[in-house]
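Me: Please take a close look at one part of the model below and work outward from there. Keep it plain, and give the cut-off behind each term.

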Amino acid sequence: SGVLPGVYATYNAVDPATVVPSTTSYSSAGANSGLVGRSVVYVIRSTNNGQAWSSPISVDPAGGRGHQYFSDIDALGGKLVAVWQDNRTDDAYSVQLQRFRADGSPDGGESQVNSWSTGHQGAAGVAADGQGNFLVVWDSNGPDGATWGIFGQRFDAFGVPAGSEFQVNSYTTGAQSGGHVAMDGGGGFVV
């Protein structure tokens, strides 16, 4: 419980162990390098206001196929939660989450946030309240009856869904995307 020491950040980068020559003109491992590799999300921590950072911790230490992009992180109430867009389990991206302890070690297993699995899911954001409960929002292609919509799911401090997945946008003509979330210490939120 309490405050997590330090500043946390998340980013995605190519895993150096997966870099191979590209069979096309596309390069993901350096501009015009002719190399490609698997994109992975990492979490890092600084305890001295960004003067130095910890070694990166992969949200997927087991490796495997697929890519991870567009990550977000929040820490409050002694909990740290990372979310990201992921296509390791299917070609249509899903939204995944992983909780972490203050030392950066995983707290429980990784889990999928979205229940709608047809079409792409991505651009996830997360915010936590003072008790460690959190809300994830993301863009979802299809379930609002048009194209892109913004959806959300609340979780308790243990990472268990609290209630059902819900649609944020009420306007459904055309695409609604790019949702961001902020949450106060008591669990109130805005998207």
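Where is the place of Asn 49?

Reply: Asn 49 is in the loop between E4 and E5, where E marks a strand; helices (H or I, at least four residues) and strands (E, at least two) are DSSP runs, numbered from the N terminus. This is a predicted model, in which local features need pLDDT of at least 70 and side-chain atom pairs count only at pLDDT 80 or more, while totals for chains, interfaces and linings use all residues. Residues are numbered from 1 along each chain as its sequence is written, and side-chain values use heavy atoms, with hydrogens and water left out.

Asn 49 has a relative accessibility of 71%, so it counts as exposed. The scale is as follows: buried is under 20% relative accessible area, exposed is over 50%, and partly exposed is in between, with a 1.4 Å probe and protein chains only. Although Asn 49 is not a glycine, its phi is positive, at about 55 degrees. Ala 123 also has a positive phi without being glycine, near 50 degrees. Ala 123, however, lies in strand E10, and with 29% relative accessibility it counts as partly exposed.

The two strands that flank the loop of Asn 49 belong to an open sheet of three strands, ordered E1-E4-E5 and paired antiparallel. E1 (7–14) and E5 (57–58) are the edge strands; each has a single partner strand, so one side of each is left without a neighbour in the sheet. Strands of a sheet pair through backbone hydrogen bonds, either parallel or antiparallel. Here two strands are taken as paired if DSSP finds at least two bridges between them. E1 and E4 (residues 39–46) are joined by eight bridges in the antiparallel sense, with Ala 13 opposite Val 40 in E4.

From E4 the next stop is Gln 68, in strand E6 (residues 68–76). Its relative accessibility is 0%, so Gln 68 counts as buried. A polar atom of the Gln 68 side chain lies 2.8 Å from the backbone nitrogen of Val 41. That is a polar contact, a pair of N or O atoms within 3.5 Å; within protein, one must be able to donate a hydrogen and the other to accept it, and residues adjacent in sequence count only if both atoms are side-chain atoms. Leaving aside residues up to four places away in sequence, Gln 68 touches residues including Asn 12, Ser 39, Val 40, Trp 84 and Asp 86, where contact means heavy atoms within 4.5 Å.

Asp 86 leads on to strand E7 (residues 79–86). Seven of the eight residues of E7 are buried, so the strand is largely enclosed by the rest of the structure. E7 pairs with E8 (residues 94–100) in the antiparallel sense over seven bridges, and Asp 86 stands opposite Ser 94 in E8.

Ser 94 is in turn one of the residues touched by Asn 114, again not counting those up to four places away in sequence; the others are Val 95, Gln 121, Trp 138 and Glu 165. Asn 114 is found in the loop between strand E9 (111–112) and E10. With a relative accessibility of 5%, Asn 114 counts as buried. A polar atom of its side chain lies 2.8 Å from the backbone nitrogen of Val 95.

On the other side of E10 is Asp 129, in the loop between strand E10 (121–128) and strand E11 (134–141). Asp 129 is buried yet has no salt bridge; Arg 154, the nearest side chain of opposite charge, is 5.6 Å away. A salt bridge requires a side-chain nitrogen of Lys or Arg within 4 Å of a carboxyl oxygen of Asp or Glu. For charge, Lys and Arg count as positive and Asp and Glu as negative, while His and the chain ends are not counted. The side chain of Asp 129 does have a polar atom 2.9 Å from the backbone nitrogen of Gln 131.

Strand E12 (residues 148–155) is mostly covered, with six of its eight residues buried. E11 and E12 run antiparallel and are joined by eight bridges, Val 137 having Gly 152 in E12 as its bridge partner. E12 and E13 also pair in the antiparallel sense, over two bridges, and there Gly 152 stands opposite Phe 166. At 25% relative accessibility, Phe 166 counts as partly exposed.
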